[in-house]
Amino acid sequence: MRLGRDFGWLWAAFAASSAGTWLALDAFPLIAVLALGAGPAQVSFLAAAGLAAGAAFAVPLGPWVEFRRKRPVMIAADLVRCAALLTLPLSHALGALTFAQLVAVAVVVATADIVFRAASGAHLKALVPTDGLLLANSRFENVTWTTTALGPPLGGAAIGLFGPLATTLANAVSFLLSACGIAAIRAPEPAPADRRPLDRASIGAGWRHIWHSRRLRALFLNTTAVNGLIMGTAPLLTVLMVSDLGFPPWQYGLAFGGIPCVGGLIGSRLARPLAARLGEERLLLYAGAARALWLGGLAFIGPGPAGLTVAVLVELGLVTCCGVFNPVLATARLRWTAPDQIARVMASWSVTGNVTKAVLTLTWGALAAVVGTREAVAVAGALMLATPLLLLPRGVLGEPPEGLRAEDQDPAVGVL
């Protein structure tokens, strides 16, 4: 199936921004640790503050995006992220970089991220035929894991050669390239829904739409919990590997990119044939259960080559499962959401995810201060094992996934 020239521009824009994002993997924590001498509590606060404040600012923006053409919103979000990131290497060069500025930039970038995602889902659904959505999302997933495989090791090497701000500059340029790619799309956009007053009802519409669809609700709860636990422990793993165990940045990048992300690329390529064989709902259930098995293994990372091998193998398993799950999730979410609700649903999903990540990041930062970094990661891994139950609203493994049945779907949502 051919998705057309305009999708090619969108794909190129996504590839550019994804390359910059993964080249700058954990750039903010690394800047905090290497340039500002921050410890675990400060690194966790940095991650949490950016997510929480960004989510708070983005809450009213979901309805705002819904009633506007999506392409200009996406371009503006890219340019805002570019400008904010450029302030960091400039301040560092002038010797004026502070932890407060790092937090402020994290907030701006997190807010723009949510705005971009809110607009991009509705834009993709309008640009690509319904039967091409899984193919489009699989191609995005392929790009994600390719850039994840290459970006972190290259970013770690760049940091070693040019300092901790080098990848931030590259990420800023990638958002500029993304804006140019989106601007090159020529397909006319559908007219947005009629504008309505921004009130409490419109702000909460995305969450209500999710909650009234049993299938969306099950996926929403599961992905929020899984992503929150993974991202909540990410700053701790940065401290554990780079500070406590003394791994150089390029080895840290290799452990959380490089080889493991080949598994994500393989998983994303398997998503379409597996969905055709098993059905999208059953595949979501199986892949969602499989990806819950791996996080606890990161608590066993030790020093030297053996520790690096453990990190690589655990990440390989986790990322492969995520590579299968993510494109099917993205496709199902678009198909099961009414067209006039997509931006609000995407914004609500992102806001909740970011707040959850912020809360869990702060929680695990505090927990690590009490019980130790390694032990806190182990607790997260144990909790991750329970997350597949959220895909089964009755909470009984082995029963049919009630929350994913077409007959249980909100009538306002299109049938798969």
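## Helix H15

Start with helix H15 (residues 304-335) in this predicted model. Its 32 residues should span 46 Å at 1.5 Å a residue, and the end C-alpha atoms are indeed 46 Å apart, so expectation and model agree.

That agreement in length doesn't rule out a bend along the way: H15 has a kink of about 25 degrees at Gly-323, shortly before the proline Pro-327. As for its surroundings, H15 is mostly covered, with 23 of its 32 residues buried.

## Aromatic pairs

Searching the whole structure turns up four aromatic pairs. One of them joins Phe-220 and Trp-349 in an edge-to-face arrangement, with the ring centres 5.3 Å apart and 85 degrees between the planes. This pair ties together distant parts of the chain, since Phe-220 belongs to helix H11 (residues 214-244) and Trp-349 to helix H16 (residues 342-371), 129 residues apart. Both Phe-220 and Trp-349 are buried.

Elsewhere, Phe-7, Phe-14 and Phe-140 are linked into a cluster by ring pairs.

## A nonpolar patch on the surface

On the outside, Leu-86, Leu-169, Val-173 and Leu-177 make up a nonpolar surface patch of about 320 Å². Helix H8 (residues 166-183) supplies the largest share of the patch, three residues.

Val-173 is one of the patch residues and sits in helix H8. Its relative accessibility is 41%, which falls between the 20% and 50% cut-offs, so Val-173 counts as partly exposed. On the spacing along a helix: an α-helix has 3.6 residues a turn, so residues three or four places apart point the same way.

Notes
Residues are numbered from 1 along each chain as its sequence is written. This is a predicted model: local features need pLDDT of at least 70, side-chain atom pairs count only at pLDDT 80 or more; totals for chains, interfaces and linings use all residues. Side-chain values use heavy atoms; hydrogens and water are left out. Patches are made of residues with over 30% relative accessible area and no salt bridge: like charges are joined within 9 Å, nonpolar side chains (Val, Leu, Ile, Met, Phe, Trp, Tyr) within 5 Å. Accessible areas come from the Shrake-Rupley method with a 1.4 Å probe; for residues, only the protein chains shown count as cover. A salt bridge is a side-chain nitrogen of Lys or Arg within 4 Å of a carboxyl oxygen of Asp or Glu. Helices (H or I, at least four residues) and strands (E, at least two) are DSSP runs, numbered from the N terminus. Buried means under 20% relative accessible area, exposed over 50%, partly exposed in between (1.4 Å probe, protein chains only). The expected span of a helix is 1.5 Å times one less than its number of residues. The bend at a residue is the angle between axes fitted to the seven residues ending there and the seven starting there. Rings of Phe, Tyr and Trp (its six-membered ring) pair if their centres lie within 6.5 Å; planes under 30 degrees apart count as stacked, over 60 as edge-to-face and the rest as tilted.
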